[in-house]
Amino acid sequence: RQYDNRGLEKASVRDLSGAIDCLKQSLIYNKHNIQARNLLGLVYFETGEVVAALSEWVISKNLQPSRNLASEYINKLHLNQNPLFQTVAPAVYRKK
C-alpha cells in the first residue's frame, strides 16, 4: 500500500517516471492490485506508451472482469480513431 500512495503522489505532481517505479514495485508485492495496475496504465498512457498501458489494463480486466475501470479505459481507446491505436491494439490482444 505504501508504494501505491507514493505512486499516486508522484503522478499527481507529474513525476511520471517516479510514479512508474513506485507502481511497478507495488505490483511486485501484489500482482492483483487492480488500482495500482490501472494507475500504472494511465501513467504509461500519459507518457505515450500506449502498448504498455493497454497491457496493464488487459491484465487488470482479466484479474477482475467486472466493476473495473480498465474496461472503460480500453473502450475509450477503441472509440478513439487514433491510427496508432488501431496499429498496436491487435498485437496487445493477441498476447492474451
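A helix here is a DSSP run (H or I) of at least four residues, and helices are numbered from the N terminus. With that in hand, welcome to the close-ups of this predicted model.

**View A. The whole chain is built from helices, with six of them and zero strands.** Read from the N terminus, the elements run α-α-α-α-α-α. The chain has 96 residues, and 41% of them count as buried. Its accessible surface comes to about 6,000 Å², with 53% of that belonging to carbon and sulfur atoms. Taking contacts between residues at least 6 apart in sequence, 40% join residues at least 24 apart.

**View B. Lysine 76 and glutamate 72 meet in a salt bridge in helix 5.** The N to O distance between these side chains is 3.3 Å. Helix 5 covers residues 69-79, and because the two partners sit four residues apart in it, about one helical turn separates them. How exposed is each partner? Lysine 76 counts as exposed because its relative accessibility of 52% lies over the 50% cut-off. Glutamate 72, at 37%, counts as partly exposed.

**View C. Arginine 14 reaches glutamate 46 in a salt bridge.** The closest N and O atoms of this pair are 3.0 Å apart. The bridge links distant parts of the chain, since arginine 14 lies in the loop between helix 1 and helix 2 while glutamate 46 belongs to helix 3, 32 residues apart. Arginine 14 counts as exposed, at 53% relative accessibility. Glutamate 46 is partly exposed, with a relative accessible area of 45%.

**View D. Glutamate 56 and arginine 37 form a salt bridge, and both residues are buried.** Their closest N and O atoms are 2.7 Å apart. This pair, too, links distant parts of the chain: glutamate 56 is in helix 4 and arginine 37 in helix 3, 19 residues apart. Side chains of opposite charge can pair when their charged atoms come close. How many salt bridges does a search of the whole structure find? The search finds four.

**View E. Helix 2 runs over residues 16-29 and has a buried set of residues.** Its 14 residues should span 20 Å at 1.5 Å a residue, and its end C-alpha atoms are 20 Å apart, so the two values agree. At the start of the helix, a side-chain oxygen of aspartate 15 comes to within 3.0 Å of the backbone nitrogen of glycine 18. The buried residues are Leu16, Gly18, Ala19, Ile20, Cys22, Leu23, Ser26 and Leu27. Their cover includes helix 1 (2-12), helix 3 (34-46) and helix 4 (50-63).

**View F. Serine 26 sits in helix 2 and makes a polar contact with asparagine 33.** Is serine 26 buried or exposed? Serine 26 is buried, because its relative accessible area is 4%, under the 20% cut-off. The polar contact runs from side chain to side chain at 3.4 Å. Leaving aside neighbours within four places in sequence, serine 26 is in contact with Tyr3, Asp4, Asn33 and Ala36. Asparagine 33 appears again at the start of helix 3, where one of its side-chain oxygens reaches to within 3.3 Å of the backbone nitrogen of glutamine 35.

**View G. Helix 3 has cover from helix 1, helix 2, helix 4 and helix 5 for its buried residues.** Among those buried residues are Ile34, Ala36, Asn38, Leu39 and Gly41. The helix has 13 residues and reaches 18 Å from its first C-alpha to its last, close to the 18 Å expected at 1.5 Å a residue. After helix 3 comes glycine 48, whose phi is positive, near 90°.

**View H. The largest nonpolar core has 21 residues.** Which residues touch the most other members of this core? They are Leu23, Leu40, Val43, Tyr44, Leu54 and Trp57. Helix 2, helix 3, helix 4 and helix 5 are the elements that give two or more residues to the core, and helix 4 gives the most, with six. For a closer look at one member, leave aside the neighbours of leucine 40 within four places in sequence: leucine 40 is then in contact with Ile20, Leu23, Lys24, Leu27 and Glu56.

Conventions. Residues numbered from 1 in each chain as written. Predicted model: local features only at pLDDT ≥ 70, side-chain atom pairs only at ≥ 80, totals over all residues. Heavy atoms only, no water. Buried < 20%, exposed > 50% of the residue type's maximum accessible area, 1.4 Å probe, protein only. Polar contact = N/O pair within 3.5 Å; in protein donor to acceptor, adjacent residues only side chain to side chain. Contact = heavy atoms within 4.5 Å. Areas by Shrake-Rupley, 256 points an atom, 1.4 Å probe, with all protein chains shown as cover. Expected span 1.5 Å × (residues − 1). Core = buried A, V, L, I, M, F, W, Y, C linked by side-chain atoms within 4.5 Å.
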